[in-house]
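Thanks for coming, everyone. I'll take you through one structure this morning. Have a look at it first, and then we'll go piece by piece.

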Amino acid sequence: AVIPAKNSYPHLPNIVLQEVAGRPLIDHTLNEARRSGAFQAIVVTTDDPEVARHAGGFAGVRTLLRPDALSDPQIHLSQVLFHAVTVMETQWGLHPDILVVLSVHSPLRRAEQIRKAIDTLILYNTDSVISVYEDYDLHFMHGQHGLTPLNPGMMQKLRLEREALYVDNGAIKACWRDAVLEESCLGRTVGHVVMPWEDSIQIKGPLDAWLVHQLLLRR
């Protein structure tokens, strides 16, 4: 498991260690990763020594202080993952078959969903698997005569499987090691696991943090 834990967002100061439902935000992801029982190692890659110190207190968790350049806003997730797996293999002697990226901003994701993503990757032998939620809203795109519905069945409130639309919720990305390149970590074939919308909320601002806090307290 690789948990990217950038803690230098100007609009979300100290978000990784911000208390959510009585615990630092990152704890919710670390606990579910450990509870899944799926990983040879859990690696937190961060730009903040305090995050590294905190995460390193969890059994079975390794921490990696990444170069400052990997926290640049233009950096892609694949570059962070590629750096982490390179350190694993060249410095730590770890050679994973499968890598699973768990977003620290998705604390509602459950251990069972992590295992399902890994099982789906193995069973269907895709290059990668992403977590999604199904979007039931009516969507349009520009067409020759104005807006054209992408899922016209929803105009009559009909949910048709062939028109199903899925949103990448960012919570889980599982891939084979061979698919991890600096420019991409998805490969050519991408599978998916469906999560409920209420488990898919990402903390991108104060309102999200408040909503996630309420949902975690209800659990």
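**A walk through the model**

Let's start with one pairing: I130 has H192, in β11, as its bridge partner. Keep in mind that this is a predicted model. That bridge belongs to a wider pairing, because β7 and β11 run parallel and share five bridges.

Now look at β11 by itself, residues 190-194. Side chains in a regular strand alternate between the two faces of the sheet. Here, G191 and V193 form the covered face. V190, H192 and V194 form the uncovered one.

Back to β7, which spans residues 128-135 and contains E134. Is E134 buried or exposed? E134 counts as buried because its relative accessible area is 13%, under the 20% cut-off. Leaving out residues up to four places away in sequence, E134 touches R159, A164, L165, Y166 and V194.

Next, the cores. The largest nonpolar core has 39 residues. Which of them touch the most other members? They are I26, L30, F39, I42, V44, L102 and I172. Several elements each supply at least two residues of this core, among them β1, α1, β4 and α5. There is also a second, separate core of 16 residues, including V87, M88, L99 and A179.

Take I172 from the largest core. Its contacts, again not counting residues up to four places away in sequence, include V100, L102, I114, I130 and M195.

On to helix α1, residues 25-36. How many of its 12 residues are buried? Nine, so this helix is mostly covered. I26 and L30 are among the buried ones, and so are D27, H28 and E32. G37 follows the helix, with a positive phi near 65°.

Positive phi turns up elsewhere too. Most residues other than glycine have a negative phi. A21 is not a glycine, yet its phi is positive, about 55°. A21 sits in the loop between β2 and β3. N125 is not a glycine either, and its phi is positive at about 50°. Where is N125? In the loop between α4 and β7. N125 counts as exposed because its relative accessible area is 56%, over the 50% cut-off.

Last, the rings. How many aromatic pairs does the structure hold? Zero. One ring does have a charge over it: the charged end of K6 sits over the ring of Y9, 4.6 Å from its centre.

That's my tour. Over to you for discussion.

Notes
Residues are numbered from 1 along each chain as its sequence is written. This is a predicted model: local features need pLDDT of at least 70, side-chain atom pairs count only at pLDDT 80 or more; totals for chains, interfaces and linings use all residues. Side-chain values use heavy atoms; hydrogens and water are left out. Buried means under 20% relative accessible area, exposed over 50%, partly exposed in between (1.4 Å probe, protein chains only). Helices (H or I, at least four residues) and strands (E, at least two) are DSSP runs, numbered from the N terminus. Rings of Phe, Tyr and Trp (its six-membered ring) pair if their centres lie within 6.5 Å; planes under 30 degrees apart count as stacked, over 60 as edge-to-face and the rest as tilted. A charge sits over a ring if NZ of Lys or CZ of Arg is within 6 Å of the ring centre and within 35 degrees of the ring normal. A nonpolar core is a set of buried Ala, Val, Leu, Ile, Met, Phe, Trp, Tyr and Cys residues joined through side-chain atoms within 4.5 Å. Contact means heavy atoms within 4.5 Å. Two strands pair if DSSP finds at least two bridges between them.
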